[in-house]
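These are my notebook entries on one structure. I looked up surface patches, one helix and one loop.

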Amino acid sequence: MKKIYIISIAIIVVLSGAYLYVRFDALKVKDYKPDESKSTSVADMRPAIIAKLQQLVKDGSGGLYRLTLDTLNVHLLSSSADIANASIMLDSSKLNALDSAHKLPDDLFKISFSTLHIDGIELSNFTSKDNFSLGKISITNPVIKIFHKEKWYNQGIRKMNDTLTLYQKIMKKARSISIDTIEVINGTLISYEDGESSKPNTFNNISIKINNVLIDSSTQYDTKRFLFAKQAFFLTKNYSGRTADSLYFYKCRSINISATEHSMVAKDIELVPRYSRQKFESRLSARQAMFDITIPTITLSGIDWWNFTNRKNIIADEVVINNLTCKIFLDRSLPFRKIKVDNYPDQLLMRMTRPVLVKKLRVTHANLGYNEYNPGMDKIATIYIDDMNGDVANITNMKSRVKANRYLTVKSSGLFMHSVPMKVDFSFDLLKYKNGNFTTDLHVGAIDKDILNPVARTSGGFFLKKGSIQKGVVHVEGDNFKGNGHGQVLYKNLYMVGLKKDKDKPGGVKKKSVLSFIGNLLLIKNNNPPKGEEPKMIDFTFKRKSTSTFLNVVWGTIFTGILKTIGLPPTFGNKKY
C-alpha cells in the first residue's frame, strides 16, 4: 500500500512538472496574452495554446500575418485537438510598412477553414525546437487565396530563391517535420496573378490525401516523393475561368493527380467563346480565328513532380489527347493584322522561360471543322478533317536535350472531307529556331470533283466541271521569310469554271464563262501527266508577308505549287496569304 502511495505521488509530481513546464515555458509568449477568461479550470491550457499559436504565426511571418480562431479543444487522453473557424489574415499596417521598406514578398496569402482536426499530438512538439511530429491532419472547407505581384525590389531575392530547394525554403526553424496523413475536404484555391485587382483563377471542390510526410535533410532531394510525401492524391472538380483576352471561357470537369504514379488525368475540357459570332468579331480589331474546342480526356504520365513543384522545369514522358473536337471560324472580311516574324511553334516554345521536356504527345481520333467566310463570294466554306491521329516527339527548349536531338517532329494522318486519306509531317530544327527552319511533307489521296467542289466554290471561287485528282505529294522547306517547295499533283481531264459574286442576289454567284473557256483553252494544263509523258515535278516559292502566320506560309507555299502545276498564276482566286 505504501508503494502504491509513493508511486501515485511520483506520478502527480511528474505530471505537475510537465504541466508547469508546458504552461509557463513551452507556451510562453511575448506579444499575445492568454485569455484566461475562456479557461474552464486551472489545468485548462487552451488560452495559452491559442496565444502560442498566434505568436508562432506572427514570429514565423515577421509580423505580416495574424491568426484568429473561434474555438480550440485539446483532448489529452486521445492526443488530439480540434480547431473551428480559423483564419490567417494579413496585418495591413505591417504590410504597408514592409512595402515602404522594400521587404514585402511577391506572394501574399489569406487562409481560412471551417474545421481542423489533429491526431497524434506528442508532448515533444512543445518541448523540442528541432523535431515536430503529428499523426493525422484533417481540414474541411479551406479557402486559400494567393496574391502574386512581383515587386521590383525583390529581383535579387527571386534569383537567390531559384537556387534553394523547397526544403530549404520551409525548414528555417526546425530540423524535422513528420506527419502520417494530411487530408483536405472540399477545398478552394483562388490565385491572383497580378495582385488583388486582377482576375482570379479558381479551383473548386479540391480533395487532397497525402500520406507519410517527412521533411528533413534526407528527403530534400528525394525525387520519389511529392511535397515530401510517399503518396499523394489530388482531385479538383469544376475548374473554370476565362482567358486573359476575355474572349473565351475554359472549363474542366475534373483534374485527378497521382503523385505516386507520376500521372495526371483531366476530363471534359472545353474552350468555348463567350459571345456569339457577331459579338465576338465586334471585339476584334483585326482578323482572328474563333475556336470552339472540347477534349474528353487528357492523360499525362511520367511527370517529374519534384522539379515541377520546385519551379525548375516541366517534364513528362507522354501526353495523350483523346477524341478532341475543334471547330474554327475565320472571317476573311476583317482586316489583316501584322504578325511577328518569330512566331512559329518552335520559336514560341524556345522563348519559354521555364525548361520544358515532353518526350511524346499523342493525339488520337481527333476531328477538325474549319469554317471560313469568303467576302469575295459572300459564302462560308467548310473543311473537315476526321479521325486525325498524330505523334509529336521531342517537345523541348532545354539546351542539353536539343544538343542530343535537334528536331521536334510531327507525324499525323486523317481523312479530308470525311473520305480522302491524307498525311502531314512537320520537322522543326530547334538548333536553328531563330531562323525559323522547318520542313513539311503532305500526301493526299484521290479526290473526286464532288468532294472538292463544295470547298472550291465558296473558298476558291471556282469549281471543277470535269476532272479528278489521283494524288498529291508536296515537300516544303521554309524559314522566317519564305517557303520553297517541290512536288506533284496527278490529275486528268481537268476543266475549271471561275465564279464571281452576283451583286443582284445576296449569296448568289455567276459563272465567268468566257474567262473560264479561254483559261482552260490557253492556260490550264488539263492532265498531269500529259498523255504519253512522265508526271511533272514542279518547284515553287512563296514569299512570306507581314500578315502571314506559320500555317499561312505552309499552305501559301503548297497552294502556289498547285497553281503552278495546273498552269495558273499565283494571284488566281480570291484568297490572300
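Entry 1. I began with a charged region of this predicted model. I looked up Lys-466 and found it in strand β20, which covers residues 462-478. Lys-466 has a relative accessibility of 48%. I recorded Lys-466 as partly exposed, because 48% lies between the cut-offs of 20% and 50%. I then noted that Lys-466 belongs to a positive surface patch, together with Arg-457, Lys-465 and Lys-511.

Entry 2. I turned next to helix α12, which spans residues 513-523 and contains Leu-522. Is Leu-522 buried or exposed? I found a relative accessible area of 64%, so Leu-522 is exposed, the cut-off being over 50%. Leu-522 also helps to make a nonpolar surface patch of about 640 Å². The other members of this patch are Val-514, Phe-517, Ile-518, Leu-521 and Leu-523.

Entry 3. Which residues of α12 are buried? I listed Ser-516, Gly-519 and Asn-520. These residues lie on the same side of α12, because they cover an arc of only 90° around the axis. An α-helix has 3.6 residues a turn, so residues three or four places apart point the same way. On the other side of α12 I found Val-514, Leu-521 and Leu-522 exposed.

Entry 4. Last, I looked up Leu-334, which sits in the loop between β13 (325-331) and α9 (345-350). Its relative accessible area is 17%, so Leu-334 is buried, the cut-off being under 20%. I also checked Pro-375, which is 41 residues from Leu-334 along the chain. The C-alpha atoms of Leu-334 and Pro-375 are separated by 9.4 Å.

Methods
Residues are numbered from 1 along each chain as its sequence is written. This is a predicted model: local features need pLDDT of at least 70, side-chain atom pairs count only at pLDDT 80 or more; totals for chains, interfaces and linings use all residues. Side-chain values use heavy atoms; hydrogens and water are left out. Patches are made of residues with over 30% relative accessible area and no salt bridge: like charges are joined within 9 Å, nonpolar side chains (Val, Leu, Ile, Met, Phe, Trp, Tyr) within 5 Å. Accessible areas come from the Shrake-Rupley method with a 1.4 Å probe; for residues, only the protein chains shown count as cover. A salt bridge is a side-chain nitrogen of Lys or Arg within 4 Å of a carboxyl oxygen of Asp or Glu. Helices (H or I, at least four residues) and strands (E, at least two) are DSSP runs, numbered from the N terminus. Buried means under 20% relative accessible area, exposed over 50%, partly exposed in between (1.4 Å probe, protein chains only). Lys and Arg count as positive and Asp and Glu as negative; His and the chain ends are not counted. The place of a charge is taken as NZ of Lys, CZ of Arg, CG of Asp or CD of Glu. The arc is that of the directions from the helix axis to the C-beta atoms.
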